[in-house]
Amino acid sequence: MAASSVFRPGLFNHKVAIVTGGGTGIGKAISAELLELGCSVVISSRKAERLETAAEEMRQKIPQSSPASVTPLPCNIRNEEEVKALVSSVLKQFGRIDFLVNNGGGQFSSPAELMSSKGWKAVIDTNLTGTFHCCKEVYTAWMKQNGGVIVNIIADMWKGFPGMAHTGAARAAVDNLTKSLAIEWAHSGVRVNAVAPGTIFSKTAMQNYKEYGPQLFKMSVPFTPAKRLGVPEEISSTVCFLLSAAASYISGATLKVDAGQSLYHSMWEIPNHSAWPTAPEGENLEALKELLNPPSKL
Ligand SMILES: CCCCCCC/C=C/C(=O)SCCNC(=O)CCNC(=O)[C@H](O)C(C)(C)COP(=O)(O)OP(=O)(O)OC[C@H]1O[C@@H](n2cnc3c(N)ncnc32)[C@H](O)[C@@H]1OP(=O)(O)O
Ligand SMILES: NC(=O)C1=CN([C@@H]2O[C@H](COP(=O)(O)OP(=O)(O)OC[C@H]3O[C@@H](n4cnc5c(N)ncnc54)[C@H](OP(=O)(O)O)[C@@H]3O)[C@@H](O)[C@H]2O)C=CC1
């Protein structure tokens, strides 16, 4: 495997991690870096086939000498019983869970007045309740007795974000959940932190907003001091730092990994949802690559 992590090889040898949403985008980059550092990684999300494909791709890159392994296990984090089954299956197979990365999540965009109760619930259940399910189950089944580290991936919408009322509320709630759990579980040797990415290029994220196309993501570039989008690897290295002993005195924190985007008040003067740009004919995701430096491998 070509070394790309800045951390030392073997840093996470014999550790075990669950990464939700670990088969795509940011979650896939987190899983790949953990594997590179020797961790056994369970990647989990709803779509079994996509997980299998991602796992096979990652498996090819694990050197024979490494204790690392990648295991795809489907689970809808909205369903508490499925989360219980996931955690129980990981403990049965590996006998421990050192790290939990709550990355699985997402939303659709919509003006608040057009959001149905079902749509609101789907987003809250995924991003807030799903994260709670995973934290609670991993804690009670393993970390309470043995310690561990949890990282929640959220989104910085603190100043409000038109078209994103449901997810903005859910992510702010997870920011607060992170702090409460950091206090409640400190006595068990559990650290709980969050990472708030800026605008990060990933194919799946882009596809999710395909009606707006690259224009939507481009919208954030003028408001980012670095004048570029982020790449998933820039989130994964932060997550690996927080999981490592280098962060042993960090708990209850939210790290903004956004190249200073959130410092711009005007970032949030983004247009109302009805005025969001639509994808111009002929433009595709490749057009965004010019805005990446370094380029994303994903
Ligand atoms: C200026 C900077 C701009 C940058 C913006 C981007 C920043 C953010 C980036 C990211 O977060 S990238 C992550 C991208 N990935 C995702 O978002 C994943 C997407 N999908 C999901 O997580 C889930 O599908 C969901 C959105 C939580 C929906 O859950 P579910 O799978 O249960 O969906 P459904 O059963 O289909 O729908 C349930 C319910 O939800 C409503 N709804 C769903 N989609 C839409 C939509 N596109 N528009 C309006 N409403 C929607 C709807 O009420 C559904 O009920 P029914 O209509 O089926 O009765
Ligand atoms: N890209 C960006 O600019 C930003 C992203 N984020 C957040 O980072 C995280 C990763 O995003 P990104 O990689 O860009 O986008 P992706 O769409 O690639 O990642 C979302 C992942 O979540 C999984 N997921 C969604 N719903 C569920 C569920 N109910 N149960 C289990 N897994 C689920 C999806 O898999 P499946 O469909 O198989 O379930 C998918 O793997 C998300 O929480 C996102 O909102 C935050 C800020 C900015």
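**Exercise 1. The core**

Which residues of the largest nonpolar core touch the most other members?

*Solution.* A word on the ground rules: this is a predicted model, in which local features need pLDDT of at least 70 and side-chain atom pairs count only at pLDDT 80 or more, while totals for chains, interfaces and linings use all residues. Residues are numbered from 1 along each chain as its sequence is written, and chains are lettered from A and ligands numbered from 1 in the order in which they are written.

Step 1: pin down the terms. A residue is buried if 20 or more other C-beta atoms lie within 10 Å of its own, exposed if 12 or fewer, and partly exposed in between, with C-beta atoms placed from the backbone. A nonpolar core is a set of buried Ala, Val, Leu, Ile, Met, Phe, Trp, Tyr and Cys residues joined through C-beta atoms within 7 Å.

Step 2: read off the answer. The largest core has 68 residues, and Ala 17, Leu 34, Val 41, Leu 100, Val 138, Val 151 and Val 239 touch the most other members.

Step 3: look for the main contributor. That's helix 4 (residues 117–146), which gives the most to this core, with 9 residues. Helices (H or I, at least four residues) and strands (E, at least two) are DSSP runs, numbered from the N terminus.

Step 4: zoom in on Leu 100. Leaving out residues up to four places away in sequence, Leu 100 touches Ile 18, Cys 134, Cys 135, Val 138, Gly 148 and Ile 150. Two residues are in contact here if their C-beta atoms, placed from the backbone, lie within 7 Å.

**Exercise 2. The sheet**

Work out the strand order and say which strands stand at the edges.

*Solution.* Step 1: take stock. The chain has 8 helices and 7 strands.

Step 2: lay out the sheet. The open sheet of 7 strands runs in the order 3-2-1-4-5-6-7, with parallel pairing. Strands pair if DSSP finds at least two bridges between them.

Step 3: find the edges. Strand 3 (69–72) and strand 7 (254–257) each have a single partner strand, so one side of each is left without a neighbour in the sheet. On average, neighbouring strands are turned by 20 degrees against each other, direction ignored.

Step 4: check the pairings of strand 4. Strand 1 (residues 16–20) and strand 4 (residues 99–102) run parallel and are joined by 3 bridges; Val 19 has Val 101 as its bridge partner in strand 4. Strand 4 also pairs with strand 5 in the parallel sense, over 4 bridges, and there Leu 100 stands opposite Ile 150.

Step 5: add a helix. Helix 1 (residues 25–36) packs on the sheet, touching strands including strand 1, strand 2 (40–44) and strand 6 (190–197), and its direction makes about 170 degrees with that of strand 1. Axes are lines fitted to C-alpha atoms, for helices over the stretch in contact, and angles run from 0 to 180 degrees between N-to-C directions.

**Exercise 3. Strand 5**

Are the faces of strand 5 covered or uncovered?

*Solution.* Step 1: recall the pattern. In a regular strand the side chains alternate between the two faces of the sheet.

Step 2: sort the residues. Gly 148, Ile 150 and Asn 152 lie on one side, Val 149, Val 151 and Ile 153 on the other, and all are buried, leaving both faces covered.

Step 3: tally up. That's 6 of 6 residues buried in strand 5; for the chain, 43% of the 298 residues count as buried.

**Exercise 4. Two ligands**

Describe the shells around ligand 1 and ligand 2 by class.

*Solution.* Step 1: define the shell. A residue is near a molecule if its C-beta atom, placed from the backbone, lies within 6 Å of it.

Step 2: take ligand 1. Of its 19 surrounding residues, Gly 106, Phe 108, Gly 119, Ala 205 and Ser 220 come nearest, and helix 4 supplies the largest share, 5 residues.

Step 3: take ligand 2. Here 29 residues surround the ligand, with Gly 21, Gly 25, Gly 104, Gly 105 and Thr 204 nearest. Helix 1, helix 4 and helix 6 each supply at least two.

Step 4: put the classes in a table. Ala, Val, Leu, Ile, Met, Phe, Trp, Tyr, Cys and Pro count as nonpolar, Asp, Glu, Lys and Arg as charged, and the others, Gly among them, as polar.

| Shell | Nonpolar | Polar | Charged |
|---|---|---|---|
| Ligand 1 | 9 | 9 | 1 |
| Ligand 2 | 7 | 18 | 4 |
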